[in-house]
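Take a moment to look over the sequence and the model before reading on. The paragraphs below go from one buried spot to its surroundings, and then to the chain as a whole.

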Amino acid sequence: MSLLDLAPVIPVVVIDDVETAVPLARALVSGGLPAIEVTLRTAVATEAIRRIADQVPDAVIGAGTVRNSRDIAASVEAGARFLVSPGTTQALIEALDASGVPYLPGAATASEVMALAERGVKELKFFPAEAAGGVAYLKSLAGPLPDVRFCPTGGIKPATAPEYLALPNVGCVGGTWLTPADALATGDWARIEKLASEAAALR
């Protein structure tokens, strides 16, 4: 199954305290969101991926904000089952190709999408979604590039997610709203599970 078809929303998570990684992942999976993107924006991100991979078998754990071959190697070694990049360079796409795991390379323009499609990459991250044109922009890409599908991420909220999901070239969206900072700080996993359950019901 395609990564884009696992659930309507992929939680995009920033983990500052590695001890929150496992209960956070369990709450998201229990809410119906198995694919989880842990961004490589903190010092503990790789260890968080490792713990989730080891202790939450139902999670499809991935690494986000992947920018170079070092990020790829560390993420895959930690147990990441998919990789997500904010953009795409020639060196990065070659390293992603060689990684042996599924990936969603970032693209924000028609030219970037076409360049990736020429390589046979037809599932992409559209980032930063809202800033780059949002629903209207993706709708305009569907005509000339009907064989490419996206996971738009960046600025998407629960109220706007259904607009994206209604597009034929969108498989899922990336969401940061599922893990509010105050819920993480207090360990309110029930609240996160509820947000995940609501997101899993979006279509």
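**A walk through the model**

F126 and F150 are both buried. The model in which they appear is a predicted one, and these two residues are a convenient place to start.

The structure contains two aromatic pairs. One of them is formed by F126 and Y137, whose rings are stacked, with 5.7 Å from centre to centre and 5° between the planes. This pair links distant parts of the chain: F126 belongs to strand β7 (residues 123–126), while Y137 belongs to helix α6 (residues 134–142), and the two are 11 residues apart. How is F126 classed, as buried or exposed? F126 counts as buried because its relative accessibility is 1%, and buried means under 20%. Y137 has a relative accessibility of 25% and therefore counts as partly exposed.

F126 also pairs with F150, and here the arrangement is edge-to-face, with 6.2 Å from centre to centre and 70° between the planes. F126 lies in strand β7 and F150 in strand β8 (residues 149–152), so this pair ties together parts that are 24 residues apart in sequence. Ring pairs thus link F126, Y137 and F150 into a cluster.

Another ring has a charge as its neighbour. The charged end of K125 sits over the ring of F127, at 4.6 Å from the centre of that ring.

The next stop is strand β1 (residues 9–13). This strand is mostly covered, with five of its five residues buried. Which residues of β1 lie on each of its two faces? On one side are V9, P11 and V13, and on the other I10 and V12; all of them are buried, and both faces of the strand are covered.

Strand β1 has pairing partners. With strand β9 (residues 173–175), β1 pairs in the parallel sense over three bridges. The bridge partner of V9 in β9 is V173. With β2, β1 again pairs in the parallel sense, over two bridges. Here V13 has V38 in β2 as its bridge partner.

Strand β2 (residues 35–39) also holds T39. With a relative accessible area of 0%, T39 is buried, because the cut-off for buried is under 20%. What does T39 touch, leaving aside residues up to four places away in sequence? Its contacts are V12, V13, V14, A45, G64 and T65. Among these, V12 and V13 were met above as buried residues of β1.

Now for the chain as a whole. The chain has nine helices and nine strands. The C-alpha atoms fill a box of roughly 45 × 35 × 30 Å along the principal axes. For 203 residues, a compact globule would have a radius of gyration near 17 Å, and the chain, at 16 Å, agrees with this.

Burial and contacts can be given for the chain too. Of its 203 residues, 52% count as buried. Among contacts in the chain with a separation of 6 or more, 59% are between residues 24 or more positions apart. The accessible surface of the chain comes to about 8,800 Å², and carbon and sulfur atoms account for 54% of it.

To return to the starting point, F126 takes part in a stacked pair with Y137 and in an edge-to-face pair with F150.

Technical notes. Residues numbered from 1 in each chain as written. Predicted model: local features only at pLDDT ≥ 70, side-chain atom pairs only at ≥ 80, totals over all residues. Heavy atoms only, no water. Phe/Tyr/Trp six-rings, centres within 6.5 Å; stacked < 30°, edge-to-face > 60°. Helix = DSSP H or I, 4+ residues; strand = E, 2+ residues; numbered from the N terminus. Buried < 20%, exposed > 50% of the residue type's maximum accessible area, 1.4 Å probe, protein only. Lys NZ or Arg CZ within 6 Å of the ring centre and 35° of its normal. Rg over C-alpha atoms; globule rule 2.2 N^0.38 Å. Contact = heavy atoms within 4.5 Å. Areas by Shrake-Rupley, 256 points an atom, 1.4 Å probe, with all protein chains shown as cover. Pairing = 2+ DSSP bridges.
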